[in-house]
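Here's a walk through one protein chain, going from the overall picture down to single residues. Have the viewer open as you read.

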Amino acid sequence: MKKIYKKVLSLTLFIFSIMAVGYTQQESGKLRIIMFGAHPDDCEKAGGTAALFAEMGYAVKFVSVTNGDAGHQVMKGEPLAKRRYAEAQEAARRLGIAAYDVLDNHDGMLMPSLEVRMQIIKEIREWNADIVIAPRPNDYHPDHRYTGVLVQDAAYMVAVPNVEPEIAALKKNPVFLYYTDRFQRPNPFRPDIAVDITSTFDKKVACFDAHVSQVYEWLPWIGHYLDQVPQDKNERIKWLATRYDEPIKPETRAALEKWYGKDRAARVLHAEPFEICEYGAQPNDDEIKRLFPMLGK
Ligand SMILES: [Zn+2]
């Protein structure tokens, strides 16, 4: 009886892996995820989801499109870029993700140029990505906006062999997703997918805590709340946790109900929603469940 059960199980897994090939680059079914941010601390807004993927053994990479060399009130240039690079590597370690690349483009000066588009195409192809996550191109910060545009411009092109022919094109256009944001124009963010990150919220806070130059120095300075930052290490982490403890919006709760069911959704304390970009592969609900195996669990 046990043997039959095992055979049925392996046959089922085999069929699933064949089906998975239908919309992923990987024949093994082990997904590869790449997330883009403008600065070394931007991808972290999906840190809870990144940590969940990493816990499942999936390959997750963060890419900062600029080196962050303008984000401080005292430091600047190369010493700042170096400090932020080290912070990014520590954040990656705390999340358990495989890699954190920081591209050497200046902070605050990013343009949606062909040169940077090629850098993005290279990153997505070399990672052999199934899922690509980036900001929407509507945002207060020009680097964030252009990172959104640059990743949109790389969608589809990553599968065109004659573009950047020395790096093998992807077999399929990946699924492109947007991080959440608060911007309403020209259209508000739409949570197509919502991931329960209650179990990895502490890792997310710990990864932001690694970005000392940002969360305890620069952002409080530019935001005029430097006087609120605690000095004690443990107090700082507690304070940081309250800053990232945002109430779940009704539309995100509705998405959680869709993917996890009403009972489970009601118990979710922290969530990360994503919107599907129209320029990548368009997964149906079954494919989304395959791409996000943590949904419903
Ligand atoms: Zn940023």
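What follows covers the chain as a whole, then its strands and helices, then a few backbone oddities.

## The model overall

First things first: this is a predicted model. The mean pLDDT of the protein chain is 93, with 92% of its residues at 70 or more. Residues 13–21 are a weak spot, with pLDDT below 50. Beyond near neighbours in sequence, that stretch has five contacts in the model.

The secondary structure adds up to 11 helices and seven strands. For 297 residues, a compact globule would have a radius of gyration near 19 Å, and the 20 Å of this protein chain agrees with that. Along the principal axes, the C-alpha atoms fill a box of roughly 65 × 50 × 40 Å. Of the 297 residues, 42% are buried. Looking at contacts with a separation of 6 or more, 76% of them link residues 24 or more positions apart.

## Strand β2 and its two partners

A good place to start looking is strand β2, residues 59–64. Five of its six residues are buried, so β2 is largely enclosed by the rest of the structure. What pairs with it? Strand β1 (residues 32–37) does, in the parallel sense and over six bridges. To find the register, go to Met35, whose bridge partner in β2 is Phe62. Getting from β1 to β2, the chain passes through helix α2 (residues 47–55), and this β-α-β crossover is right-handed.

β2 also pairs with strand β3 (residues 99–102), again in the parallel sense, this time over four bridges. Here Lys61 stands opposite Ala99 of β3. The chain crosses from β2 to β3 through α3, another right-handed β-α-β crossover.

## Strand β6 and its antiparallel partner

In a regular strand the side chains alternate between the two faces of the sheet. You can follow this in β6: Ile193 and Val195 point one way, Ala194 and Asp196 the other way. Are these residues buried or exposed? All four names on that list are buried.

β6 pairs with strand β7 (residues 271–276), and here the sense is antiparallel, over four bridges. If you want one pair to centre on, take Ile193 and its bridge partner in β7, Phe274.

## Helix α7 and what covers it

Helix α7 runs over residues 212–222, and its buried residues are Ser213, Gln214, Val215 and Trp218. Look down the axis of α7 and these buried residues fall within an arc of 150 degrees, so they line one face of the helix. What sits over them? The cover includes α3 (77–95), α6 (201–209) and α8 (233–244).

Just past the end of α7, have a look at His224, which takes a positive phi of about 60 degrees.

## Ile124, a buried spot in α4

Ile124 belongs to helix α4, residues 114–127. Why does Ile124 count as buried? Because 25 other C-beta atoms lie within 10 Å, and the cut-off for buried is 20 or more.

Leaving aside neighbours within four places in sequence, Ile124 is in contact with Ile34, Ala129, Val132, Ala154, Val158 and Pro174. Arg32 is 92 residues from Ile124 along the chain, yet their C-alpha atoms are separated by 9.9 Å.

## Backbone oddities

Most residues other than glycine have a negative phi, and most peptide bonds are trans. A few places in this model go against that. Asp41, in the loop between β1 and α2, has a positive phi of about 155 degrees although it is not a glycine. Asp41 is also buried, with 26 other C-beta atoms within 10 Å.

Glu164 sits in the loop between α5 (142–154) and β5, and its phi is positive too, near 50 degrees. With 17 C-beta neighbours inside 10 Å, Glu164 counts as partly exposed. As for the peptide bonds, the one joining Arg185 and Pro186 is cis, with omega about 5 degrees. Pro186 lies in the loop between β5 (175–178) and β6 (193–196).

Notes. Residues are numbered from 1 along each chain as its sequence is written. This is a predicted model: local features need pLDDT of at least 70, side-chain atom pairs count only at pLDDT 80 or more; totals for chains, interfaces and linings use all residues. A residue is buried if 20 or more other C-beta atoms lie within 10 Å of its own, exposed if 12 or fewer, and partly exposed in between; C-beta atoms are placed from the backbone. Helices (H or I, at least four residues) and strands (E, at least two) are DSSP runs, numbered from the N terminus. The arc is that of the directions from the helix axis to the C-beta atoms. Two residues are in contact if their C-beta atoms, placed from the backbone, lie within 7 Å. Two strands pair if DSSP finds at least two bridges between them. A crossover is right-handed if, with the strands pointing away from the viewer, the path from the first strand over the helix to the second runs clockwise. pLDDT is the predictor's confidence in each residue, from 0 to 100. The radius of gyration is taken over C-alpha atoms; the globule rule is 2.2 Å times the number of residues to the power 0.38.
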